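Visitor: I should like a close look at one part of this model: the places where the chains meet. Please explain it step by step, as you would to a first-year student.

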Amino acid sequence: MSTIVRIQDVSKHFGRVNALKNISVEITEGEIFGFIGPDGSGKTTLFRIMTTLLVPDTGSAEVLGFDVVKEYKKIRPLLGYMPGRFSLYQDLTVEENLHFFASVFGTDPEENYSLIEPIFHRLEPFRGRLAGNLSGGMKQKLALSCALIHKPKLLLLDEPTTGVDAVSRKEFWEMLTLLKEEGITIVVSTPYMDEAELCGRVGLIQDGRLLQMDTPEEIVASFEMPLFGIKSDDTYGLIKALKSYSWAHSVHPFGESIHYTDRRDTPDIEGLKQFLSEQGVEKVEIKRVKPGIEDSFMALMGSEEVHV
Amino acid sequence: MRTFRGFVVKEFRQIVRDTRTLVVLFGMPVIMMVLFGFAIRNEVNNVQVAVLDLAKDAATQSIIQKLGASESFELAGTLESYDEVEQLFREGDIKEVVVFEAGFSEKLIRDGVANIQIITDATDPNLANLVQAYTTSIVQDYTASLNSPAQGQPAGIQPVVRMMYNPELRSVNLFVPGLIAVILMLISALMTSISITREKEMGNMEILLVSPLKPHHIIIGKVLPYLVLSVINVITILILAKFVFQVPFEGSYLFFFLEATLFILTALSLGVFISSIANNQQTAMMISLAGLLLPTVLLSGFIFPVSSMPQPLQLLSHTIPAKWFLIIVRDIMLKGSGLNYLWFETLILSLITLFFMGVSLKKFKVRLQ
Amino acid sequence: MSETAIITENLTRRFGDFTAVDQLSFEVKRGEIFGFLGANGAGKTTAMKMLTGLLSPTSGRAEVSGLDVYTQAEAIKKRIGYMSQKFSLYDDLTVDENIRFYGGIYGLYGSGLQQKSQQLVESVGLEDVRNAKVASLPLGWKQKLAFSISILHDPAIVFLDEPTGGVDPVTRRQFWEKMYEVSGRGITVFVTTHYMDEAEYCDRVSIMVDGRIDALDTPDGLKRAYEAASIEDVFIRLARSAKRGDE
C-alpha cells in the first residue's frame, strides 16, 4: 500500500494567527482518514494545503507522489474536493451542476455513473431542481457526486457533515464506506467526535497541532486512567459536588452521566459515594465505563476542569 | 430612549471602523468636487486654430494678432490654400480655421464690408459653438475699434460660420459615440469584474482552481458572454442612432466594428484586472464605478471638452481608454476617417488592452493566497 | 409568576400551501431545560420564530411568559433572551462594547449595567480581553460570551438556536454547565441542537417531524418508549419516517 499523502513538519500562519504548527501526517492508499477537531483547529487550512490551494510556510507536503508546491498541476486533476459550504452553483439545476463538474474534469456523467449511483439515485427525482432549493442533506449528496464524477484517486471532504441532521450524516458515512471498497482514498474532516469511530485512522487536531494520530481503538486504549460514569437525579448538583471533591481529576458531563477520573491510582469509590451524599446528592450510581474518542480528545486537550 | 441611543452609538462605531466605507464617505466627495469642478467648463481655453489669410494685410494681421493674444486660442499654423482645410480637420488637432478673403482691408475701406469665414470642427458641437462665439466676439471687438467717429463710414465685418461635419450642431451626434463608450465600459468592465468576484465570494473558485481548468480558460470563459452581449449592444445602439435619431455614418461599417471590438476587449481586460485586485463583489463594483465609469464620463470628452480642463486633468484623460475610442468613433461616424488617420488612437487602445490582459493573467492566482 | 413558561395550543403556521408548523401543542415548565429537536426542514426554526415574537402564527394559540404571541409580541421580546449560532455578536466591536450595546437595548444602564458587565466578564473568564474586538476571539469564547449576554437582563426564558455548533468538546460542556446554572436560577432554557448527546442534558425533549411534534418526554422516557439506547437512535427512527427531509 503506497503513501498517498505525506505531510512533514508543515506550518502555516495568517498574519499573527498560527493556523498550523509543525504537522506531520502520512495517509495510506485506500484508507478512510479523519481529521477530528473543533472549528478553528486548522482543518480547513490543512485541506487547502493538500489540495494545493495554499502553500505551507515551512515543511513539505506530497500528494499522490507529487510535491504540492512545484507539481501542483499534476495533483489537481486526480483530486475530488468538497470544500466547506459545498460549493455548488445555486442557480444551476442538479443535472447542470453534475454536467458542469464532469466536463471541467474532461468527462461526462455517464462515464462513471456506476460510482456515484448509490449516492445520486436519491437525487434522480430532483434532477431539474435548482441546487439552491435543495435541503442540506440533498446538497451534500450532490456535492459528493460532483466531487466523484471523474473517479478521483483521492477524495478530500472538508466538513461534509456540518450543519446536516443526524439521519443524513449516517447515510453519508454509509456512502463513504461503499466508496472505500472502490479503492478510493478518503480524507475527511469533522467536528463530530462520534464520526471518528467510523474512520480507519484518525488525527485529533486542536489549535493547529496534531494531538494524536492512530486508529480509533488505539486512541481509546491510550486513555490511561480508569474512567467512571456517575449518575444522579440532580445532575447539576452532582457536577458541582464532584468538582469540589479534592481527589477529582476531570469532571465532564456526558449525556446521562458524568465522566469522572480520579487523581489517585486506585480511586476510592466508596469514599466518593460518601462524600457525595454528604453534599446532599442523592441516588448516586457509579459505574466503571469504557472511554470513547471524546474522552481521549478532552484528556489530550489538557484543559481538565478541576476545583472550580 | 436609551435603547435607541445605544443603537446609534453602535452604528457610529461600526462605520468608523470600516475603512472602506470611510474612504467612500470622505474620499469620494473630494474626488468628485475636483473632477466636476475642473471638468465642467463652459469656457474655452487653448483651442488650436489655423488661419488661411488670403489678404495678408494690416487688418488681417490685427485680427490674427488679437486671436493669438486671447487665452482661448492658440495659433497653430497658417494655410496657403483652401484645399488644406479638410485635411487639417481630419488630422484632428485643429478645431477652427479662420479664412480671410483676398483684398480684405481694401474691401473694408472701400465697401465698408469684408468677409471672414469661420470654419469649426463640429463633431463636438458644444465646443464648436463656443469657439465660434469667441471668435465672433473678437472680430466684433475689432470692428468696434474701427468705428471711431473720425472715420465717418461704418465698418462691418461679416463672419460666415460654417460648422463642418455636424452642420446642424446636433448634440445627439455628440452623444451617441460617447454613449457607446460608456455602455460598453459598463457592461464589459463592471459586469465582468462582478462575475469573477462573485465566483470568488461564493467559494466556487476553489473547486475551479483545483480542477484541470487552466487560468486562461476561466478568464476567457467568463469574458466571452459579455463580449457577445456587448457586440449585440453596439449593433442595437447603431440601429437606433441611425434610424431613430438620424445620426450620420460616413465611414466604413466594417472598420467601425473592428474598432468597437477592440474597445470591448479593452473594457473586458479592465474588468478582469479589477477582479484580480478585488476580493468581493462590493469592492469590484465600487472600483468599477468610481475608478472607471466616473472618469470615463467626465474625462473622456463625452460631455465636457478636454481641452478646456487644467493640464493635470488633461494628462489624466490620456490614460482613459474611452477618450481614444471617442475620437475614433466620432471620426468614423462623422468624418468617415479610416485607419490612416486613426492608426495612432488604435495603437494606444491596443497597447492598453495588451497591458491589462497581461497583468491580469499574471496576477490570476492559481492558489488562494 | 406561573409555573408554565410557554404554552402552545394547536399552533400553526402556513406559507401559502405549505404548512411549516402543524398544530403544535405543548407546555414548557418554568426553570426547565427544554430540548427542541428536529431535522432540518421539520419546522423548528419557524416554531421558534413564532415563540420569540418574530413571526405571527396563522392559527392556534401560544403564550410566552404569560404574554400572548399575537397581541403582545413586543412585550415578549423584552422578557426573553435569544442567541443563535449564526450570529450573536458584532465582530468589529469589542467585548465590552457588545455587552454595553446589548445591555442598553434591554434597558440596562449606568452603574447597574457596569456591575452586571463586570460579573459577566469574570464569569466567562474574559477580563483580559475586555477591550479586544470580538473577531479576534476563538469560537468557543464567542459562544460563551454570546450566551452570557443573552441572559444579561435576567430574562424569564432564553431561546438558544444551535448554540454549540462546531465548538470543541470542552467548551461545549462548559456551556451546558452554565445552562444548568441558569436553569437553577429559575430561567427557562429553550434550546435546539444537532448534538444528540446534548439532548440527554435536557429535562425534557421534543422531536419535530414534518411540522408536528412526534415525541415529547424526558430523555429516559423516550429511550424506554422507543427501546433505544440513545436519543440519537430515537431521533433516527422518527426522522427516517419523515416525508419532508428528503428534498
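Guide: A definition is needed at the outset: a salt bridge is a side-chain nitrogen of Lys or Arg within 4 Å of a carboxyl oxygen of Asp or Glu. Please also keep in mind that the model is predicted.

Let us begin with chains C and A. The side chains of C:K223 and A:E256 provide an example of the definition, since their closest N and O atoms are 3.0 Å apart and the cut-off is 4 Å. Between chain C and chain A the count is 4 salt bridges. To these may be added the polar contacts, of which there are 7 residue pairs between chain C and chain A, with both residues at pLDDT 80 or more. Three helices of chain C, namely α6 (169-184), α8 (219-225) and α9 (231-240), each supply at least two residues of the side that touches chain A. Of the elements in chain C, α6(C) gives the most to this side, with 8 residues. Sorted by class, the side of chain C that touches chain A comprises 11 nonpolar, 6 polar and 13 charged residues. In full, the contact joins 30 residues of chain C to 39 residues of chain A. Together these two chains bury about 2,800 Å², and 57% of that area lies on carbon and sulfur atoms.

We turn next to chains B and A. Here 17 residues of chain B and 25 residues of chain A take part in the contact. The area buried between chain B and chain A is about 1,900 Å², with 58% of it on carbon and sulfur atoms. Within chain B, the residues that lose the most area to chain A are B:I207, B:V210 and B:R367, which together account for 36% of what that side buries. Across this interface the rule finds 1 salt bridge. A:R48 and B:E206 form a salt bridge through their side chains, at 2.8 Å from N to O. The interface of chain B and chain A also has 4 residue pairs in polar contact, both residues being at pLDDT 80 or more. Two helices of chain B, α7 (171-202) and α8 (204-210), each give at least two residues to the side that touches chain A. The most comes from α8(B), with 6 residues. The residues on this side of chain B comprise 9 nonpolar, 4 polar and 4 charged.

The helix α8 of chain B leads us to a further feature. A search of the whole structure finds 1 cavity of 30 Å³ or more. The largest cavity holds about 90 Å³ of space. Its lining consists of 15 residues, and those nearest its centre are A:Y81, A:F101, A:C146, A:A147 and B:I207. Two or more lining residues come from each of β6 (79-82) and α5 (136-148) of chain A and from α8 of chain B. The largest share of this lining belongs to β6(A), with 4 residues. By class, the residues that line the largest cavity are 12 nonpolar and 3 polar, with no charged residues. B:I207 therefore appears twice in this account: among the residues of chain B that lose the most area to chain A, and among the residues nearest the centre of the cavity, where a lining residue is defined as having an atom within 4 Å of a cavity point.

Terms used. Residues are numbered from 1 along each chain as its sequence is written. Chains are lettered from A and ligands numbered from 1 in the order in which they are written. This is a predicted model: local features need pLDDT of at least 70, side-chain atom pairs count only at pLDDT 80 or more; totals for chains, interfaces and linings use all residues. Side-chain values use heavy atoms; hydrogens and water are left out. Contact means heavy atoms within 4.5 Å. Buried area is the accessible area (1.4 Å probe) that two parts lose on being put together, summed over both. A polar contact is a pair of N or O atoms within 3.5 Å; within protein, one must be able to donate a hydrogen and the other to accept it, and residues adjacent in sequence count only if both atoms are side-chain atoms. Ala, Val, Leu, Ile, Met, Phe, Trp, Tyr, Cys and Pro count as nonpolar, Asp, Glu, Lys and Arg as charged, and the others, Gly among them, as polar. On a 1 Å grid over the protein atoms alone, a cavity is a set of points where a 1.4 Å probe fits but cannot get out, and a pocket is an open set with protein on both sides within 12 Å along at least five of seven lines; lining residues have an atom within 4 Å of a point. Grid points are joined across faces, edges and corners, and a volume is the space filled by probe spheres set on the points.
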